[in-house]
Amino acid sequence: MPDKKFFENLSGKGKAIGVLTSGGDAQGMNAAVRAVVRMGIYVEAKVYFIYEGYEGMVDGGANIVEVTWESVSSILQVGGTVIGSARCKAFRSREGRLKAACNLVKYGITNLCVIGGDGSLTGANIFREEWSGLLEELAKNGEIAEDAVKKYAYLNIVGMVGSIDNDFCGTDMTIGTDSALHRIIEVVDAIMTTAQSHQRTFVLEVMGRHCGYLALVSALACGADYVFIPEYPPEEGWEDHMCSKLSENRARKKRLNIIIVAEGAIDSHNKSITSEQVKDLVVQQLGYDTRVTILGHVQRGGTPSAFDRILASRMGVEAVLALLEGTPETPACVVSLTGNQAIRLPLMECVQMTQDVQKAMDGRQFSEAVQLRGRSFENNLNTYKLLSTKKSAADLPKTNFNVAVLNVGAPAAGMNAAVRSAVRIGITEGHKMFAVTDGFEGFSGGQIKEISWGDVGGWTGQGGSILGTKRTLPGKYMEKIAEQMRTHNINALLVIGGFEAFESCLQLLEARPRFEEFCIPICVLPATISNNVPGTDFSIGADTSLNTIVETCDRIKLSASGTKRRVFIIETMGGYCGYLANMGALAAGADAAYIFEEKFDIRELQANVEHLTEKMKTSIQRGLVLRNENSSENYTTDFIYQLYSEEGKGVFDCRKNVLGHMQQGGAPSPFDRNFGTKISAKAVLWLSKKLKESYRRGRVFANTEDSACLLGMRRRNLLFQPVVQLKVETDFEHRIPKEQWWLKLRPLMKILAKYKTSYDISDSGQLEHVRRPKPAEA
């Protein structure tokens, strides 16, 4: 662990930061702008809006404006970009860049934060490299003072990628991608109901001229029958293959077909495949009633998702830190996301790799193009291929292993996607898959039946738990469960659920000396809205819940727009885990969040009231406070509401809202569908490996620590961790991990709400290099 390092000694005094958005707009850009402005002001730098991207920089004048804290109020939930974006021909010429440099020097701006795509960021890098030469020329022409050349000797550039296509190498997700997926999935879910009514085939065209990420992930998230993407064109004869696949699905009583086409889809000869072409083919060869829907700019619009707001806020703060630490030797860098970690990468390495993807596609080196897109893209593609193609019985291996899948604990959106993925991967591996109804209670009562490929069709978009789930732990049913495992010859167990799933696995492990039936490979997949399972940064269902909280907060804030000076106290679920309250507060732009993990007292409550009183004197005349349901035994939601009401008399009035079970319901978000699908596929492949390793003398016997694991996302990687080892990391009394990664983001929420606090930056500051696939891998 690196020593803790805080940014108090990183002062922005005397520095000026310019922020601009360029290229195509993307949801979440405003959240990034807000974070840059507020973090910049927090470290005492001057911050300037540069309106209309590079055009505004070249034109200068009223396009470059110093901003205040209030300037970015109420923009967090707005789509697009409030500071405008424009394509700029002038900036491509040296003459244009000369004007831009002159305009920046007038305001002393030598730190630029550029939010855009690879074209915008490449332009920024050229500008940076030419900077000193441009200043010398300006001084020579008498447009700037001689001493300005030395004073503003170098230009720092930090980029953030705002692009719904997720077409920039070096980052798992670009700002706007998750929100675009939300738009696509909303449309697909709506289309599915009408398509089923009429037995229709729908061809959906999504954005992605050079990148198939949106098409691929939405196909994975909705269980599409076929997908066309530029990086992985279909093989020769795809027309017949697609039509036979569609007719097979119809023969299995599937009432609808969904085909997703990226706008830049091509065949293996680099000829384009259009949605109309696909539709005509289906109509001519199969005679199906087929419709085309082109989603177009709908994907760019709308409010940003919770994921994009948090991602953009994290990246915006990281970008300001990178600018403060910049030196003349520091290359232009881009803030990226790998797994769950914000990192800095040299901008031009990322741009080069992004351009190499296009070169590989142009040269028909498609497997190399897929690898250059990165590990996340490749995993998505491999998972989709496994899940979408049903092999004939003759082509399937036969393992004679029986694998049972069950849900334990409270329902969480995405559980059904995980079950579908597990069943289909298990069948592909040659196992017999068994579904257990109503958790361990159902298990003990023999509610176990074999489940087939077709049984799980259409499950990805369903909320709740189709299998049924109970909080009951196996402890009191051990004998009956062991008996059922004998009866059905269960050789491996996949337990999908929350803290109860983790506890259940520990109980089965402890019972191994008494019951040999539990000496089998067991894998736990974390699925709970509370995100309180040890061993993972994320749980299936938490993202959907977070989006519900954020959407509700947006509506509540809007309800105050006609009523001045109102503070809302909102109670979230989560047990003793403050994840939903804290991250909801960050994504909704709240003023405070009360959680169990960070103790608070009456003095802090009083300080928060005073903070809000001061805020009401500005142009921002509303407040938002989130409270986790179990954050304090005595400082209840009612107490906080009454305290704020009393102390705020004459300044603001209060309203309270308990969100309750609406946080648990609803259709799963694209993130939860995708995450549930991917980790479930990985878990079943791990179970297959363990089954082969532990098969001796005609039976499965697994009794080692590593035969019972939890699969979780830890920083950058998905890891299988023995549940026994996770015991020491767990606070069983409060059902939370002893250490939680998101607590590091807590100061970020406070900084953006104008509180003075310490922010640990020990993970920041290291410029890394882009990991390219080795020639042997490509």
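**Exercise 1. Determine whether the end-to-end distance of helix α10 agrees with the expected rise of 1.5 Å a residue, and establish how far the helix is enclosed.**

*Solution.* Step 1: in this predicted model, α10 covers residues 306–325, a run of 20 residues. Step 2: at 1.5 Å a residue the expected span is 28 Å. Step 3: the distance from the first C-alpha to the last is 29 Å, which is close to that expectation. Step 4: of the 20 residues, 19 are buried, so α10 is largely enclosed by the rest of the structure.

**Exercise 2. Repeat the span check for helix α11, and identify what covers its buried residues.**

*Solution.* Step 1: α11 comprises the 16 residues 347–362, for which 1.5 Å a residue gives 22 Å. Step 2: the end C-alpha atoms lie 23 Å apart, in agreement with that value. Step 3: the buried residues are L347, C350, V351, M353, T354, D356, V357, A360 and M361. Step 4: their cover includes α4 (118–140), β10 (333–338), β11 (341–346) and α12 (366–373). Step 5: just after the helix, R364 adopts a positive phi of about 60 degrees.

**Exercise 3. Describe the seven-stranded sheet and place helices α4 and α10 relative to its strands.**

*Solution.* Step 1: the strand order is β3-β2-β1-β4-β5-β10-β11, in an open sheet with mixed pairing. Step 2: β3 (64–66) and β11 each have a single partner strand, so they form the edges and one side of each lacks a neighbour in the sheet. Step 3: the average twist from one strand to the next is 25 degrees. Step 4: within the sheet, β1 (residues 16–21) and β4 (residues 111–116) are joined by five bridges in the parallel sense, with T21 opposite I115 in β4. Step 5: α10 packs on the sheet and touches β1, β4, β5, β10 and β11, its direction making about 170 degrees with that of β5. Step 6: α4 lies across β4, β5 (156–161) and β10, and runs at about 160 degrees to β4.

**Exercise 4. Characterise the burial of strand β17, its pairing with β16 and β24, and the handedness of the crossover that leads to β17.**

*Solution.* Step 1: β17 spans residues 522–526, and five of its five residues are buried. Step 2: I522, V524 and P526 occupy one face, C523 and L525 the other, and both faces are covered. Step 3: β16 (residues 492–497) pairs with β17 in the parallel sense over five bridges, and G497 has P526 as its bridge partner. Step 4: the chain passes from β16 through helix α17 (residues 499–510) to β17 in a right-handed β-α-β crossover. Step 5: β17 also runs parallel to β24 (residues 708–714), to which three bridges join it; I522 stands opposite A708.

Technical notes
Residues are numbered from 1 along each chain as its sequence is written. This is a predicted model: local features need pLDDT of at least 70, side-chain atom pairs count only at pLDDT 80 or more; totals for chains, interfaces and linings use all residues. Side-chain values use heavy atoms; hydrogens and water are left out. Helices (H or I, at least four residues) and strands (E, at least two) are DSSP runs, numbered from the N terminus. The expected span of a helix is 1.5 Å times one less than its number of residues. Buried means under 20% relative accessible area, exposed over 50%, partly exposed in between (1.4 Å probe, protein chains only). Contact means heavy atoms within 4.5 Å. Two strands pair if DSSP finds at least two bridges between them. Axes are lines fitted to C-alpha atoms, for helices over the stretch in contact, and angles run from 0 to 180 degrees between N-to-C directions. A crossover is right-handed if, with the strands pointing away from the viewer, the path from the first strand over the helix to the second runs clockwise.
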